[in-house]
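Work through the exercises below with the sequence and the structure at hand. Each task is followed by a solution in steps.

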Amino acid sequence: MNQNELKLSYPFEGLEPEAGFALEVVPGVKWIKMPLPFALNHINLWLIKDEFQGKKGWAIVDCGIAKDPVKALWEEVFKNELEGQVVTRVIVTHMHPDHVGLAGWLCDKWQAPLFMSMSDYMVSRLWTANAVAGAGTGGEMAVAHFARHGLTDPESQAKIRARAAYYPGLVSTPPASYYRLMDGQSLQIGAYQWQLISGYGHAPEHMALYCQALNVLISGDMVLPKISTNVSVFDYEPEANPLPLYVNSLMKYQHLPEDVFVLPSHGRPFKGIHERIRQQQLHHEERLAEVLAMCETPICVSEVVPKMFKRELDLHQLTFAMGEALAHLHALYFDGKVERILGEDGIYRFVRK
């Protein structure tokens with residue numbers, strides 16, 4: 001456990017749900033873990049006791065990726081944890097594959113409606129239809145985007161090009177209709193009201209859920225206890241400036257009680273949200289200062305990455321590291337602290353003003 005983690009508290013220290021089972025974290029809210037085939041090897045999902053449109057059962061929050069082993073684990077969960085009832089609806093915090101992946105399958109299986117923000121629903125529909133082949137981390141657009149920022153290694157480019165079907169390979173097509181989630185909306189789930197809190201910078205329109213009566217926040221990926229939320233610039237929005245959006249979004253959690261029980265998508269449920277927000281703010285302040293210092297002479301993103309991430313990265317991690325390094329450079333660029341120069345080699349470099 002690192003020093004930042006030690007400043008938080010973990011009510012379920014040493015406990016976690018077994019595969020195919022759930023662990024009740026507060027009355028009527030159950031914790032599920034599903035595997036991921038990445039360095040980040042799990043996602044936390046949630047069941048909330050619910051009654052919706054005359055059906056008594058459980059609302060699902062987030063879904064896992066669309067792979068047969070995850071479907072099989074869900075079948076075990078249905079057998080072990082629904083208490084003879086049904087899935088009433090599927091609520092998705094945002095459109096990344098580990099969150100929305102099996103939404104279409106779950107909604108179809110249970111004839112249950114999908115609840116998402118409009119932005120994330122529409123992007124997920126678009127990308128699963130392959131209308132934007134490989135947007136984000138694979139395909140020709142991604143190759144060109146990363147090449148503009150210095151990733152010209154032919155082997156890496158070939159691997160990125162081959163990932164054109166990455167998103168639809170992990171995400172089942174979402175239902176043709178959905179219920180829209182909006183910031184500030186109060187969503188009745190079973191006996192309790194849950195306030196929706198939008199977040200930006202990590203996904204188009206991420207939705208966290210806060211229940212005052214239970215003093216619980218389902219934070220999705222916006223607030224995590226150990227790792228920093230990924231904030232990246234990818235090919236589908238090459239001029240994006242997501243880092244200020246993310247940091248400003250964290251302020252939306254400042255009004256919550258210090259002892260709110262945070263249920264994150266990755267890592268352990270914890271308490272200490274204000275401390276964790278301070279840590280994230282300081283982390284990005286320090287990273288911006290580090291990157292600015294790197295810009296004393298012209299530097300491109302691929303040269304920044306090994307200075308920011310001092311460990312060996314696989315291709316999946318490298319694309320996110322490139323996106324995150326560019327997000328910090330863009331924050332400095334749009335803040336007027338660095339210039340951006342397009343070289344004769346077609347690569348962008350950044351230099352301090």
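Two strands count as paired if DSSP finds at least two bridges between them. The model is predicted.

**Exercise 1.** Determine how β12 and β13 pair, and place β13 in its sheet.

Step 1. Strand β12 covers residues 261-264, and two bridges connect it to β13 in the antiparallel sense.
Step 2. One bridge partner can be named: Phe-261 is matched with Lys-271 in β13.
Step 3. The sheet is open, has six strands with mixed pairing, and follows the order β8-β9-β10-β11-β12-β13.
Step 4. β8 (186-189) and β13 (270-271) are the edge strands; each has a single partner strand, so one side of each lacks a neighbour in the sheet.

**Exercise 2.** Describe the pairing of β3 with β2 and with β4.

Step 1. Strand β2 (residues 29-35) is antiparallel to β3, with seven bridges between the two. Val-29 is opposite Ile-48 of β3.
Step 2. β2 and β3 make a hairpin, and six residues separate them.
Step 3. On to strand β4 (residues 55-61): it also runs antiparallel to β3, joined by seven bridges. Here Glu-51 has Lys-56 in β4 as its bridge partner.
Step 4. The β3 and β4 hairpin has two residues between its strands, and Gln-53 adopts a positive phi near 50° there.
Step 5. As for burial, nine of the eleven residues of β3 (residues 42-52) are buried, so the strand is mostly covered.

**Exercise 3.** Asp-62 and Gln-111 each have a positive phi. Is each residue buried or exposed?

Step 1. Most residues other than glycine have a negative phi.
Step 2. Asp-62 has phi near 70° and sits in the loop between β4 and α2 (68-81). Its relative accessible area is 1%; the cut-off for buried is under 20%, so Asp-62 is buried.
Step 3. Gln-111 has phi near 50° and belongs to the loop between α4 (103-110) and β6 (114-117). Its relative accessibility is 58%; exposed means over 50%, so Gln-111 is exposed.

**Exercise 4.** Which elements give two or more residues to the lining of the second largest pocket, and how does the lining divide by residue type?

Step 1. The volume of the second largest pocket is about 230 Å³.
Step 2. Its lining includes Leu-243, Val-247, His-284, Leu-288, Leu-332 and Lys-337.
Step 3. Two or more lining residues come from each of α9 (242-250), α10 (273-294) and α12 (315-334).
Step 4. By type, the lining has six nonpolar, three polar and three charged residues.

How values were computed
Residues numbered from 1 in each chain as written. Predicted model: local features only at pLDDT ≥ 70, side-chain atom pairs only at ≥ 80, totals over all residues. Heavy atoms only, no water. Buried < 20%, exposed > 50% of the residue type's maximum accessible area, 1.4 Å probe, protein only. Helix = DSSP H or I, 4+ residues; strand = E, 2+ residues; numbered from the N terminus. 1 Å grid on protein atoms, 1.4 Å probe; cavity = no way out; pocket = protein on both sides within 12 Å on 5 of 7 lines; lining within 4 Å. Points joined across faces, edges and corners; volume = space filled by probe spheres on them. Nonpolar A, V, L, I, M, F, W, Y, C, P; charged D, E, K, R; others polar.
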